[in-house]
Amino acid sequence: MSELKPVIFVDKDKCVNCHRCIAVCPSKMCNDGSGEYVKVNHELCLGCGACIEACVHNARRGMSFLPPSKKAKILSLSSLLPPPLTLRAGIWSLTAG
């Protein structure tokens, strides 16, 4: 089995281990809050973005693996979505536009 690329970046300096991300995660098994910050197990993460939207400390961001740099670029998940499509707490919705 090949290793999955990370899709969620966690800034350990901003994470206060409040577990909001764990509470909204549909997988529940991909977050580990037993340390100083909540880590993501990228092998179990669904990549839905619910944890990013739930984090009030801006400690989580979506990662993009798009060329040309071939390095992970840290982006806001909202910037990846075409308007009027939005993601809130893991639920896709159309907004009036």
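**Exercise 1. Find how much surface the protein chain exposes, and what share of it carbon and sulfur atoms supply.**

*Solution.* Start with the total: the protein chain exposes about 6,600 Å². Next, take the share: carbon and sulfur atoms supply 59% of that area. Accessible areas here come from the Shrake-Rupley method with a 1.4 Å probe, and for residues only the protein chains shown count as cover.

Before going on, note that this is a predicted model, in which local features need pLDDT of at least 70, side-chain atom pairs count only at pLDDT 80 or more, and totals for chains, interfaces and linings use all residues. Residues are numbered from 1 along each chain as its sequence is written, and side-chain values use heavy atoms, with hydrogens and water left out.

**Exercise 2. Work out the order of the elements and which of them has the lowest mean pLDDT.**

*Solution.* First, count: the protein chain has two helices and seven strands. (Helices are DSSP runs of H or I with at least four residues, strands are runs of E with at least two, and both are numbered from the N terminus.) Second, read them from the N terminus on: β-α-β-β-α-β-β-β-β. Third, turn to pLDDT, the predictor's confidence in each residue from 0 to 100. Its mean over the protein chain is 76, with 61% of residues at 70 or more. Among the elements, helix 1 has the highest mean, 94, and strand 5 (residues 73-75) the lowest, 48. Over residues 66-74 the pLDDT is below 50, and this stretch has 11 contacts in the model beyond near neighbours in sequence. Contact means heavy atoms within 4.5 Å.

**Exercise 3. Compare His19 and Asn58: where does each lie, and is each buried, partly exposed or exposed?**

*Solution.* Begin with the backbone. Phi of His19 is near 75 degrees, and that of Asn58 is about 55 degrees; the value is positive for His19 and for Asn58, although neither residue is a glycine. Now place them: His19 sits in the loop between strand 1 (8-10) and helix 1 (20-24), while Asn58 is in the loop between helix 2 (50-54) and strand 4 (60-64). Finally, apply the cut-offs: buried is under 20% relative accessible area, exposed over 50%, and partly exposed in between (1.4 Å probe, protein chains only). His19 is partly exposed because its relative accessibility is 33%; Asn58 is exposed because its value is 53%.

**Exercise 4. Which polar contacts does the side chain of Asn17 make?**

*Solution.* Locate Asn17 in the loop between strand 1 and helix 1. A polar contact is a pair of N or O atoms within 3.5 Å; within protein, one must be able to donate a hydrogen and the other to accept it, and residues adjacent in sequence count only if both atoms are side-chain atoms. One such contact, of 2.8 Å, links the side chains of Asn17 and His19. Another polar atom pair joins the Asn17 side chain to the backbone oxygen of Gly33, at 3.3 Å.

**Exercise 5. Describe the surroundings of Asn31 and Ala54.**

*Solution.* Asn31 belongs to strand 2 (residues 31-32) and counts as buried because its relative accessibility is 11%. The side chains of Asn31 and Arg60 share a polar contact of 3.0 Å. Leaving aside neighbours within four places in sequence, Asn31 also has contacts including Cys21, Ile22 and Cys25.

Ala54 lies in helix 2 and is buried, with a relative accessible area of 11%. Not counting residues up to four places away in sequence, Ala54 touches Arg20 and Val24. The C-alpha atoms of Ala54 and Ile22 are 9.2 Å apart, with the two residues 32 apart along the chain.
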